[in-house]
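I am opening a notebook on a structure that is new to me. The entries below record what I looked up, in the order in which I looked.

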Amino acid sequence: MDSSVDEDSVAQGPSKLYHYTRQQGLLGIAESSAIWASKIQYFNDQSEFHLALDLAVELCRAAGSIFSDSMIRDIESMRFANIFVVSLSAEPDLLSQWRAYGEPGDAYSVGLDFDAIQAIADLGNWQLLECIYDAQDHHDAVSDLITRHLQGAADDGSVRPSFLEEISAVAVSAKHPSFMEEREWRLVSGIMDEKRSPFHFRGGRYTLIPYMEFPVAVETEDGSETIEAFKEVIVGPSPYPELSIQSCAGMLRHFGIVGDVRRSESTFRAW
């Protein structure tokens with residue numbers, strides 16, 4: 001695959017995207033040059049993923065096409081598909097994100113270069129998707145997709161192979177309007193085959209959570225250069241911000257990472 005990025009074919013976004021995490025997550029990213037992408041069904045709120053699939057089933061039934069049953073079977077298969085996601089935000093210093101992904105004194109925001117992340121996603125056949133927050137936009141995206149694929153279904157009733165990838169992208173990017181302030185983007189894998197792409201597992205609060213690694217630094221295919229996405233770290237609300245900044249900067253030097261370190265503007269509190 002050509003490592004160059006066609007500006008007309010990729011998402012356009014902010015200069016950086018931010019991944020909120022805790023100390024162990026930051027250390028893991030720095031040491032392995034990778035972010036963990038969790039299986040979508042293990043996210044804190046997976047209901048939106050299923051809501052989009054429910055809407056797709058409803059629209060297929062309403063269409064009354066001879067191909068609807070085949071398409072519905074494909075949609076239902078998506079509920080357990082091996083799709084892995086990294087959550088990112090266009091907001092570098094958002095209190096709700098510190099609360100969601102960290103603890104007071106143990107929260108960091110890793111700034112990643114947008115163009116570099118897009119290029120790495122292209123090389124690995126991942127997608128970088130901006131989340132959709134408007135309910136009408138959700139409906140329109142699913143409706144357009146169903147209509148287009150029903151019109152293009154094969155004579156035997158099967159749908160085109162691209163359908164599963166496209167419906168998964170719509171389902172994964174749908175978010176409730178109440179989360180709009182997060183300005184979330186998501187790195188989304190294709191539908192992974194466990195035999196060909198073995199998963200890892202990490203401990204969760206209630207279950208083991210399957211995950212895959214998404215690299216934040218890769219060589220281009222010809223080996224002529226390295227695409228590096230890691231650009232900065234924002235130290236979250238802390239009672240010892242200066243010490244936290246110093247230790248974080250030392251950690252980056254230890255792993256040979258060139259990046260800025262700065263403190264959050266949010267006021268520290270035991271939330």
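The entries start with the whole chain and then turn to strands and single residues.

**Entry 1. Whole chain.** I noted before anything else that this is a predicted model. I looked up the secondary structure and found eight helices and 12 strands in the chain. Next I took the radius of gyration, which is 20 Å. The globule rule gives 18 Å for 271 residues, and the value for the chain is close to that, so I wrote the chain down as being as compact as a globular protein of that length. For the outer dimensions I used the principal axes: the C-alpha atoms fill a box of roughly 65 × 45 × 35 Å.

**Entry 2. Contacts, surface and charge.** I asked what share of the 271 residues is buried. The figure is 46%. I then looked at contacts with a separation of 6 or more, and 81% of them are between residues 24 or more positions apart. The chain exposes about 14,100 Å². Carbon and sulfur atoms supply 48% of that area. For charge, I have 21 positive and 43 negative charges in the chain, and their mean positions are 7 Å apart.

**Entry 3. Strand β8 and its partners.** I looked up which strands pair with β8, residues 208-215, and recorded two of them, β2 and β7. Strand β2 covers residues 34-39 and pairs with β8 in the antiparallel sense over five bridges. Within this pairing I found Ile35 opposite Phe214 of β8. Strand β7, residues 200-203, is also antiparallel to β8, with four bridges between them. Here Gly203 has Leu208 in β8 as its bridge partner. A hairpin through four residues joins β7 to β8.

**Entry 4. Strand β6.** Is β6 mostly covered or mostly open? Strand β6 runs over residues 184-188 and is mostly covered, with five of its five residues buried. I kept the general rule in mind that side chains in a regular strand alternate between the two faces of the sheet. On one side of β6 I listed Glu184, Arg186 and Val188, and on the other Trp185 and Leu187. Both faces are covered, since all of these residues are buried.

I then looked up what β6 pairs with. Strand β3, residues 84-89, is joined to β6 by five bridges and runs antiparallel to it. In that pairing Ser87 has Arg186 as its bridge partner. Strand β5, residues 127-130, is joined to β6 by four bridges, again antiparallel. There the bridge partner of Glu130 is Trp185.

**Entry 5. Gln97.** I went to helix α4, residues 95-101, to find Gln97. Is Gln97 buried or exposed? The relative accessible area of Gln97 is 5%, so I entered the residue as buried. Setting aside neighbours within four places in sequence, I found Gln97 in contact with Tyr20, Ser89, Gly102 and Glu182.

**Entry 6. Thr147.** Thr147 sits in helix α6, which covers residues 135-151. I have Thr147 as partly exposed, because its relative accessible area is 39%. I also looked up its distance to Met71, which is 76 residues away along the chain. The two C-alpha atoms are separated by 11 Å.

**Entry 7. Arg196.** I located Arg196 in the loop between β6 and β7. With a relative accessible area of 72%, Arg196 is exposed. How far apart are the C-alpha atoms of Arg196 and Glu181? They are separated by 38 Å, and the two residues are 15 apart along the chain.

**Entry 8. Positive phi.** I looked for positive phi in residues other than glycine and noted two cases, Asn125 and Arg183. Phi of Asn125 is near 60 degrees. Asn125 lies in the loop between α5, residues 114-123, and β5. Its relative accessibility is 56%, so Asn125 counts as exposed. Phi of Arg183 is near 45 degrees. I placed Arg183 in the loop between α7, residues 162-173, and β6. At 40% relative accessibility, Arg183 counts as partly exposed.

Notes:
Residues numbered from 1 in each chain as written. Predicted model: local features only at pLDDT ≥ 70, side-chain atom pairs only at ≥ 80, totals over all residues. Heavy atoms only, no water. Helix = DSSP H or I, 4+ residues; strand = E, 2+ residues; numbered from the N terminus. Rg over C-alpha atoms; globule rule 2.2 N^0.38 Å. Buried < 20%, exposed > 50% of the residue type's maximum accessible area, 1.4 Å probe, protein only. Contact = heavy atoms within 4.5 Å. Areas by Shrake-Rupley, 256 points an atom, 1.4 Å probe, with all protein chains shown as cover. Lys, Arg positive; Asp, Glu negative; His and termini not counted. Charge placed at Lys NZ, Arg CZ, Asp CG, Glu CD. Pairing = 2+ DSSP bridges.
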